Amino acid sequence: MSCSATLDIEKIKSTLSSLEDTEKIIAGSDEHLDLILDIQKSLSENSKLTASLVDTVEANFRNYTPTKAQEFIARVFPLFDMAKNIKRAIQEEGIFNEVRSHWEEFAEEVDDLFEIVNDLSRYKSSADDDSEMFF
Amino acid sequence: MIVFYTISSVRKDIEKFQGNKAYGKCCQDLCSLFAGKTIDDIFNQPRALKEHNRMRYIKSRINNSNNGRGASSGYRVYYYVDLEKELVTIVKFYPKVGKYGQINMTPTEEKEVIAEYRAERDNNLLVSHSITRNFSLQEAF
């Protein structure tokens with residue numbers, strides 16, 4: 001695997017780990033204000049990591065082979081479920097309004113990641129060369 | 001000298017966006033993607049979706065300076081770059097958020113814009129723009 005592919009996978013791991021930490025924070029804090037501040041901080045961190053992951057994939061987009069694209073898609077997919085779980089957990093804690101802007105910022109980055117995953121799937125994951133269709 | 005073209009549906013969309021405050025600076029933002037770049041710079045933009053001979057079909061993310069929220073909530077631009085002829089043809093331009101926000105270009109839409117691009121290119125109907133004058137229209141192709 002190339003260096004850029006390794007970097008992409010490492011970035012997925014650190015982003016997933018950060019989302020796991022957010023889930024733990026929501027489940028583990030007893031103090032209302034602390035919980036809000038911790039979640040805000042954690043969501044901001046998740047936003048930065050997700051944006052950085054998108055930037056890395058975009059920078060390497062031309063170098064994705066079908067195999068590499070399929071591997072990336074398989075590895076990153078749990079992140080979307082985790083993002084949904086985080087939103088659900090925040091709502092269950094009744095603090096969504098307090099962290100809304102941080103959540104929205106994170107959700108925008110997750111949407112951006114979903115878009116680039118969709119582009120990898122659409123333009124890079126097929127072994128058939130369909131380039132002529134586009135020109 | 002690089003020539004920038006659009007297909008007619010892009011021009012219609014731009015006109016629509018300009019009538020909305022949330023996208024009022026869309027032409028300025030579009031120009032910022034290309035301003036000061038050489039054809040090699042544009043050809044080597046990172047998200048090249050497809051490549052054939054010396055042409056690339058590229059998608060770029062640009063900021064919407066009206067919302068100041070970064071590229072993830074900005075615009076998406078799809079364009080062809082012909083390295084030999086130094087031509088850039090924009091075939092799709094849309095915002096990600098707001099009234100005219102779009103998640104992604106669907107495969108059906110993409111087929112339509114590619115067909116439109118081919119028809120207008122082959123019939124000399126592409127229209128050129130100045131990126132130093134806020135994307136204003138120039139002469140017909």
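Me: A salt bridge pairs a side-chain nitrogen of Lys or Arg with a carboxyl oxygen of Asp or Glu within 4 Å. How many salt bridges does the rule find across the interface of chain B and chain A?

Reply: This is a predicted model. A search over all chains finds 21 salt bridges. Across the interface of chain B and chain A, the number found is 14.

Me: What area is buried between chain B and chain A?

Reply: The size of an interface is often given as the accessible area lost when the parts come together. Carbon and sulfur atoms give 44% of the area here. The area buried between chain B and chain A is about 2500 Å².

Me: Which three residues supply more of the area that chain B buries against chain A than any other three?

Reply: Chain B brings 31 residues to the contact, and chain A brings 22 residues. Three residues of chain B supply 27% of the area that chain B buries against chain A. They are B:Arg47, B:Lys50 and B:Arg61.

Me: How many residue pairs are in polar contact between chain B and chain A, and which elements of chain B give two or more residues to the side that touches chain A?

Reply: The count of residue pairs in polar contact is 25, with both residues at pLDDT 80 or more. The elements of chain B that give two or more residues to that side are β2 (48–52), β3 (55–62), β4 (75–82) and α4 (107–122).

Me: How do the residues on the side of chain B that touches chain A divide?

Reply: The split has three classes: nonpolar, polar and charged. Seven residues are polar. The other two classes are 12 nonpolar and 12 charged.

Me: Why does the salt bridge of A:Asp112 and B:Arg76 join two chains?

Reply: Their side chains meet at 2.8 Å, N to O. Both A:Asp112 and B:Arg76 are buried. The pair joins two chains because A:Asp112 lies in helix α5 (residues 96–124) of chain A and B:Arg76 in strand β4 of chain B.

Me: Where does B:Arg47 lie, and which residue does B:Arg47 meet in a salt bridge at 2.9 Å?

Reply: B:Arg47 lies in the loop between α3 (39–43) and β2 of chain B. The partner is in helix α5 of chain A, so the pair joins two chains. Both residues are buried. The partner at 2.9 Å, N to O, is A:Asp119.

Me: Which residues are linked in a network of salt bridges?

Reply: Side chains of opposite charge can pair when their charged atoms come close. Here a network takes in residues of both chains. From chain A come A:Asp55, A:Glu58, A:Asp112, A:Glu115 and A:Asp119. From chain B come B:Arg47, B:Lys59, B:Arg61, B:Arg76 and B:Lys96.

Me: Which residue does B:Glu110 meet in a salt bridge at 3.3 Å?

Reply: The distance runs from N to O. The two side chains belong to chain B and chain A. The partner of B:Glu110 is A:Arg122.

Me: What separates B:Asp13 and B:Lys16 in helix α1 of chain B?

Reply: Their side chains meet in a salt bridge at 3.8 Å, N to O. B:Asp13 is buried, at 17% relative accessible area. B:Lys16 counts as partly exposed, at 37%. The two are three residues apart in helix α1 (residues 8–18), so they are separated by about one helical turn.

Me: What is the nearest side chain of opposite charge to A:Asp8?

Reply: A:Asp8 sits in helix α1 (residues 3–28) of chain A. A:Asp8 is buried yet has no salt bridge. Its contacts include A:Leu53, A:Tyr64 and A:Phe72. The nearest side chain of opposite charge is 4.6 Å away, beyond the 4 Å cut-off, and belongs to A:Lys68.

Me: How many helices and strands does chain A have?

Reply: Along the sequence, chain A follows the pattern α-α-α-α-α. Its C-alpha trace spans about 60 × 30 × 20 Å along the principal axes. Buried residues make up 44% of its 135 residues. Chain A has five helices and zero strands.

Me: Is A:Ser18 buried or exposed?

Reply: A:Ser18 is found in helix α1 of chain A. Its contacts beyond four places in sequence are A:Ser42, A:Glu45, A:Asn46 and A:Leu49. The relative accessible area is 8%, under the 20% cut-off, so A:Ser18 is buried.

Me: What is the relative accessible area of B:Ile90?

Reply: B:Ile90 is in strand β5 (residues 87–95) of chain B. Among the residues B:Ile90 touches are B:Tyr5, B:Leu30, B:Phe34, B:Val77 and B:Phe135. B:Ile90 is buried, with a relative accessible area of 0%.

Definitions and conventions: Residues numbered from 1 in each chain as written. Chains lettered and ligands numbered in written order. Predicted model: local features only at pLDDT ≥ 70, side-chain atom pairs only at ≥ 80, totals over all residues. Heavy atoms only, no water. Contact = heavy atoms within 4.5 Å. Buried area = accessible area lost by both parts, 1.4 Å probe. Polar contact = N/O pair within 3.5 Å; in protein donor to acceptor, adjacent residues only side chain to side chain. Helix = DSSP H or I, 4+ residues; strand = E, 2+ residues; numbered from the N terminus. Nonpolar A, V, L, I, M, F, W, Y, C, P; charged D, E, K, R; others polar. Buried < 20%, exposed > 50% of the residue type's maximum accessible area, 1.4 Å probe, protein only. Lys, Arg positive; Asp, Glu negative; His and termini not counted.
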